Amino acid sequence: MARKEELSAKQKNFFTVREELSERMNALDKEVYRLGSQKEKLEESIESQINYMWDEYEITLSDAASLRDEEMTDLPSMKKEAASLKEEIRKLGDVNVNAIEDYKNLMERYQFLKTQHDDLVEAEKTLLHIIEELDTSMRKQFHEKFAEIGREFDKVFKELFGGGKGTLELMEDEDILEAGIRIIAQPPGKKLQNMMQLSGGEKALTAIALLFAIQNLKPSPFCLLDEIEAALDENNVTRFAKYLHKLTKYTQFIVITHRRGTMEKADRLYGITMQEKGISTLVSVNLIDKDLDD
């Protein structure tokens, strides 16, 4: 009897313990479910925060972790600063979504224009150097050639005038490439004087002397003279024609003239005559053949 009562008490105690454990298990299951739900919400919140950081700032969670500042613990102050920064960003205006592409295009154009600018600057330096070399060379050549022309002018002047002296001078205190030229002539029996003080015939003969001096130094293959000896007297016309004939060795001359002395030294003569009114006729004489026949 006593044994039965003991077993009955143990059984009753077992059921009590089982009920307590069952209730505890139910409570734990509820807690696990609650914690699971809370975990899912936290994971969703974390995922939402990660997406927000990417959408708003284009940074990942690892990037955000590297930017973490342990000293920033004052949440109200941080929120206030964030609001202030957002306000400054808002004041900047709308964001140009094409800014990166625009910058790329602008940078390419800048590089293109900069390359052209650098090329132009370099070309300018090269041209300035070339101009400097040309300027130096021109000054040297002009000085040399001017001296040669001056010497040749004096020789031709003496031959055309039958003596005297001809001189070429550059104006003083002026750039050699821009300076004026002074022609000084001294016909036989006269004092040295500026060309502008000579008579008309002397001016013409002096100018002819300078022309022939240049022609002697650098003969041209062809030359046309239009009554340049019209102001000369007969003696000077003869000297002019004689000297002109010497130059025909290297140059072919066509001379328009009415002076007998010039025509006598010509190789061929061409003239226009009007024997009948309104009808012009060309007349030509070959003086070379005439000389050969004689």
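Q: What makes Leu127, Leu128, Ile130, Ile131, Leu134, Met138 and Leu177 a nonpolar surface patch?
A: In this predicted model, these residues form a nonpolar patch of about 630 Å² on the surface. A residue joins such a patch because its relative accessible area is over 30% and it has no salt bridge, and nonpolar side chains are joined within 5 Å. Met138, one of the members, belongs to helix H4, residues 99–161.

Q: Why is Met138 called partly exposed?
A: The relative accessible area of Met138 is 45%. Partly exposed covers values between the limits of 20% and 50%, so Met138 is placed in that class.

Q: How do you know that the length of helix H1 agrees with its number of residues?
A: Helix H1 runs over residues 2–57 and holds 56 residues. At 1.5 Å a residue the expected span is 82 Å, and the end C-alpha atoms lie 80 Å apart, so the two values agree. After H1 comes Glu58, which has a positive phi near 55 degrees.

Q: What is stated about the phi of Glu227, and where does this residue lie?
A: Glu227 is not a glycine, yet its phi is positive, at about 50 degrees. The residue is located in the loop between strand E4 (222–226) and helix H6 (234–247).

Q: Why does Glu227 count as partly exposed?
A: Its relative accessibility is 34%. Since buried requires under 20% and exposed requires over 50%, Glu227 is partly exposed.

Q: Why is Thr257 called buried?
A: Thr257 has a relative accessible area of 17%. The limit for buried is under 20%, so Thr257 is buried. Its place is in the loop between strand E5 (252–256) and helix H7 (260–264).

Q: What makes the pairing of the Thr257 and Glu229 side chains a polar contact?
A: The two side chains are 2.4 Å apart at this contact. A polar contact requires N or O atoms within 3.5 Å, one able to donate a hydrogen and the other to accept it, so the distance satisfies the cut-off. The Thr257 side chain also reaches the backbone nitrogen of Arg259, at 2.9 Å.

Q: Which residues are in contact with Thr257, leaving aside its neighbours within four places in sequence?
A: They are Glu227, Glu229, Thr262 and Met263.

Q: Why does Gln215 count as buried?
A: The relative accessibility of Gln215 is 9%. Buried means under 20%, so this residue of helix H5 (residues 200–217) is buried. With neighbours within four places in sequence set aside, Gln215 is in contact with Ser220, Leu247, Thr251 and Phe253.

Q: Why is Asp175 partly exposed, and where does it lie?
A: Asp175 has a relative accessibility of 29%. This value is neither under 20% nor over 50%, so the residue is partly exposed. Asp175 lies in the loop between strand E1 (165–170) and strand E2 (181–186). Its C-alpha is 9.5 Å from that of Arg139, although the two residues are 36 apart in sequence.

Q: What makes Glu43 and Lys39 a salt bridge?
A: Their closest N and O atoms are 4.0 Å apart. The definition requires a side-chain nitrogen of Lys or Arg within 4 Å of a carboxyl oxygen of Asp or Glu, so the pair is counted as a salt bridge. A search of the whole structure finds 11 salt bridges.

Q: How do you know that Glu43 and Lys39 are separated by about one helical turn?
A: Both residues are in helix H1 and are four residues apart, which means a separation of about one turn. Lys39 is exposed because its relative accessible area of 52% is over 50%. Glu43, at 43%, is partly exposed.

Q: What makes Arg90 and Glu87 a salt bridge?
A: The closest N and O atoms are 2.5 Å apart, so the pair falls within the 4 Å cut-off. Both residues lie in helix H3 (residues 75–91), three residues apart, about one turn of the helix. Arg90 is exposed at 55%, whereas Glu87 is partly exposed at 32%.

Q: What makes Glu169 and Arg182 a salt bridge, and which parts of the chain do they link?
A: The N to O distance between their side chains is 3.3 Å, so the 4 Å cut-off is met. This pair links distant parts of the chain, with Glu169 in strand E1 and Arg182 in strand E2, 13 residues apart. Glu169 is partly exposed at 33% relative accessibility, and Arg182 is partly exposed at 26%.

Notes: Residues are numbered from 1 along each chain as its sequence is written. This is a predicted model: local features need pLDDT of at least 70, side-chain atom pairs count only at pLDDT 80 or more; totals for chains, interfaces and linings use all residues. Side-chain values use heavy atoms; hydrogens and water are left out. Patches are made of residues with over 30% relative accessible area and no salt bridge: like charges are joined within 9 Å, nonpolar side chains (Val, Leu, Ile, Met, Phe, Trp, Tyr) within 5 Å. Accessible areas come from the Shrake-Rupley method with a 1.4 Å probe; for residues, only the protein chains shown count as cover. Helices (H or I, at least four residues) and strands (E, at least two) are DSSP runs, numbered from the N terminus. Buried means under 20% relative accessible area, exposed over 50%, partly exposed in between (1.4 Å probe, protein chains only). The expected span of a helix is 1.5 Å times one less than its number of residues. Contact means heavy atoms within 4.5 Å.
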